[in-house]
Amino acid sequence: MRVARAVLRELVLELKRHFETGTGGTGARRILLLTLEAEDLEGWSECVAAETPGYSYETTDTAWQVLTRWLLPDLPGREVDDARQLHAAPWLRGHPMARAAVEMAAWDLEAKRRNLPLRDLLGGAGEAVPVGVAIGIQKTDDALFRRIEQCLADGYRKIKVKIKPGRDVNMLRAVRERFPDAPLMADANSSYALPEDLELLATMDEFDLMMIEQPLSHEDLLDHAALQRSIATPVCLDESVRSVGDARLALHLGSGRIVNVKPGRVGGLASAVAIHDACRAAGWPVWCGGMLETGIGRAHNVALATLPGFVLPGDISNSGRYWKEDIVVPEFAMTDGLMPVPEGAGIGVAPRRNRIEALTTRMRVFES
């Protein structure tokens with residue numbers, strides 16, 4: 001399969017409401033979309049890098065630079081028989097989010113060439129995946145209660161509450177008292193440290209949480225292992241796992257019991273599958289997180305979540321939860337806490353070209 005053309009676009013999409021985590025908040029997303037063209041087919045992907053370096057050192061602007069200067073110029077004209085061939089880029093250190101955009105577009109392209117759903121090409125199975133939801137930090141407990149009530153009524157099977165110092169133990173205690181049976185977890189986005197916060201984090205054992213996600217530094221695995229030995233609540237790693245090598249080290253150290261696998265964070269689908277396989281072999285459950293993606297990124301996540309190790313509900317919410325209007329058809333909508341897996345070839349949803357073009361703020365085209 002010869003890649004004939006690559007098109008990189010940036011567009012701005014307003015969120016329905018401000019979304020806040022322990023590292024900051026946003027009311028809009030600057031989104032990078034990549035299209036690879038070959039044999040009259042198109043493969044689509046989305047770079048998950050955010051506007052600021054709060055979650056990762058990669059940002060929308062660094063990813064644009066890496067893609068336009070180093071990854072895309074020499075891509076048109078290349079023969080690619082396997083999407084994994086676009087994953088390695090051994091000469092480029094770091095920048096897994098930028099690299100993932102190229103690799104994931106190649107997966108979509110290859111699946112379409114074979115006339116297979118992306119799920120099938122990845123080795124997944126099933127017509128739907130269980131769905132959870134992430135709720136950003138709210139100003140008051142009452143506001144948080146209203147959001148949780150609505151999410152439970154909507155059928156979400158996991159409620160992830162963002163926490164940070166000052167909005168943590170007392171808030172979680174109030175939530176658990178109000179919702180004693182809710183499938184609840186907390187996401188700290190690296191907001192705490194050892195040893196000073198050990199007692200506070202240990203207090204969370206009383207709330208019967210499914211897990212506490214990424215409580216310590218984004219680069220740490222050693223202190224996470226010490227924390228997991230000290231608390232009963234399962235620790236879930238997110239930012240600390242950026243490759244299968246990180247996952248293997250986390251498994252060796254016992255740095256948690258669960259991993260949140262985001263393909264856009266770990267360098268693409270091949271890396272995500274390798275992390276899934278390593279965790280499954282070790283008996284660690286995994287789930288698929290979200291990065292406020294549009295329907296294009298969401299479609300990749302849904303396909304990945306059909307692999308057998310993804311036994312916990314992922315952050316794969318309805319399109320309408322974040323966007324007044326998504327950029328794909330059909331939009332993603334769950335039923336009874338389950339998200340249908342698109343059955344069409346590739347990612348199984350169609351980009352809305354007119355809407356994408358209207359929202360595009362810059363574009364680069366690379367041709368052979």
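**Strand β10 and its surroundings**

In this predicted model, strand β10 (residues 258-261) is covered on both faces: I258 and N260 point to one side, V259 and V261 to the other, and all four are buried. That split fits a simple rule: side chains in a regular strand alternate between the two faces of the sheet.

β10 has a partner in strand β9 (residues 235-237), and the two run parallel, joined by 2 bridges. Here I258 of β10 is the bridge partner of C236. Getting from one strand to the other involves helix α8 (residues 244-253), and β9, α8 and β10 together form a right-handed β-α-β unit. The chain then carries on from β10 through helix α9 (residues 269-282) to strand β11, in a β-α-β crossover that is again right-handed. β10 and β11 (residues 286-288) are also parallel, with 3 bridges between them, and N260 has W287 of β11 as its bridge partner.

W287 also picks up a charged neighbour: K158 sits over the face of its ring, 3.2 Å from the ring centre. Elsewhere, R362 lies over the face of W64, at 4.0 Å from the ring centre.

As for ring-ring contacts, the structure has just 1 aromatic pair. It consists of F145 and F179, with ring centres 6.1 Å apart and planes at 70 degrees; since planes over 60 degrees apart count as edge-to-face, that is how this pair is classed. F145 belongs to helix α4 (residues 141-154), while F179 is in the loop between α5 (169-178) and β7 (184-187), so the pair ties together parts 34 residues apart in sequence. Both phenylalanines, F145 and F179, are buried.

Notes
Residues numbered from 1 in each chain as written. Predicted model: local features only at pLDDT ≥ 70, side-chain atom pairs only at ≥ 80, totals over all residues. Heavy atoms only, no water. Buried < 20%, exposed > 50% of the residue type's maximum accessible area, 1.4 Å probe, protein only. Pairing = 2+ DSSP bridges. Right-handed = clockwise from strand over helix to strand, strands pointing away. Phe/Tyr/Trp six-rings, centres within 6.5 Å; stacked < 30°, edge-to-face > 60°. Lys NZ or Arg CZ within 6 Å of the ring centre and 35° of its normal.
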